[in-house]
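Trainee: Could you walk me through a structure, one question at a time? I'd like to see how you reason from the picture to an answer.

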Amino acid sequence: GMVSEARLAEKIHLAKSGLCDELSSVLTHLGLETQIPRKINRNTIIAAMKLDKKKEKGQIHFALPVEIGHVQTGVTIDNWENLIEL
C-alpha cells in the first residue's frame, strides 16, 4: 500500500521522482512485502478504497508520502482510479 501511494504521489508531482523505489528498497530490506499479490483483483481493491473512512463528499482524502518521514494528508485527486497502479 505504501509503495502504491508513493507511486501515486510521484505521478501527481507531490513527491520527487524515485521516492517509490527508495521506499520499496527500505521496506524490502526490512523483510516486508512491497507488491500486492497478483491473486487479489485490482477492481476489488478499488471498490474497497471507495469505502475508505477518509472519504468525504464522494472524495477520498489520501495521506500520501512526500518524502521518507513526511506525509501530506487530505490530498484529493480527480480520477484517481485511473492513476493508481496496484
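What follows is a chat about this predicted model.

Trainee: Let's start inside. Which residues have the most contacts in the largest nonpolar core?

Mentor: That core has 19 residues. Its members come from several places: α1 (2-11), α2 (19-29), α3 (42-49) and β3 each supply at least two of them. The residues with the most contacts inside the core are M49, F62, L64, I77 and W80.

Trainee: Okay, take I77. Which residues does I77 touch, leaving out those up to four places away in sequence?

Mentor: I77 is among the core residues with the most contacts, and so are F62 and L64. Both of those turn up again as partners of I77. The full list for I77 is L8, I12, Q59, F62, L64 and L83.

Trainee: Now the helices. Why do the buried residues of α2 line one face of the helix?

Mentor: First pick them out: L19, C20, L23, S24 and L27 are buried in α2. Look down the axis of α2 and these residues fall within a limited arc, so they line one face. On the face turned away from that buried side you find the exposed residues D21 and H29. The arc that holds the buried ones is 130°.

Trainee: And α3, how wide is the arc that its buried residues cover?

Mentor: Here the buried residues are I45, I46 and M49. They sit on the same side of α3, while the exposed N43 and T44 are on the face turned away. The buried ones pack against β2 (59-60), β3 and α4 (80-83). Around the axis, they cover an arc of only 100°.

Trainee: What covers the buried residues of α1?

Mentor: The residues to cover are V3, S4, A6, L8, A9 and E10, which are the buried ones of α1. α1 in turn is part of what covers the buried residues of α2, along with β3. For α1 itself, the cover includes α2, β3 and α4.

Trainee: What about the ends of those helices? Which residue just after α2 takes a positive phi?

Mentor: Compare with α1, which is followed by H13. The phi of H13 is positive, near 65°. Just after α2, a positive phi of about 85° belongs to G31.

Trainee: How many salt bridges does a search of the whole structure find?

Mentor: Side chains of opposite charge can pair when their charged atoms come close. In this model, K16 and E22 do meet that way, at 3.2 Å from N to O. K16 counts as partly exposed at 48% relative accessibility, and E22 does too, at 35%. The search of the whole structure finds one.

Trainee: On the surface, which residues make the nonpolar patch of about 360 Å²?

Mentor: Try I68, which lies in the loop between β3 (62-67) and β4 (70-75). I68 is partly exposed, with a relative accessible area of 45%, and a patch residue needs over 30%, so I68 clears that cut-off. The patch is made by V26, L30, L32 and I68.

Trainee: Last one: how far apart in space are G1 and E33, C-alpha to C-alpha?

Mentor: Start with G1, which is in the segment before α1 and counts as exposed at 66% relative accessibility. Along the sequence, G1 and E33 are 32 residues apart. In space, the C-alpha to C-alpha distance is 9.6 Å.

Conventions:
Residues numbered from 1 in each chain as written. Predicted model: local features only at pLDDT ≥ 70, side-chain atom pairs only at ≥ 80, totals over all residues. Heavy atoms only, no water. Patch = residues over 30% accessible without salt bridge, like charges linked within 9 Å, V, L, I, M, F, W, Y side chains within 5 Å. Areas by Shrake-Rupley, 256 points an atom, 1.4 Å probe, with all protein chains shown as cover. Salt bridge = Lys/Arg side-chain N within 4 Å of Asp/Glu carboxyl O. Helix = DSSP H or I, 4+ residues; strand = E, 2+ residues; numbered from the N terminus. Buried < 20%, exposed > 50% of the residue type's maximum accessible area, 1.4 Å probe, protein only. Core = buried A, V, L, I, M, F, W, Y, C linked by side-chain atoms within 4.5 Å. Contact = heavy atoms within 4.5 Å. Arc of directions from axis to C-beta.
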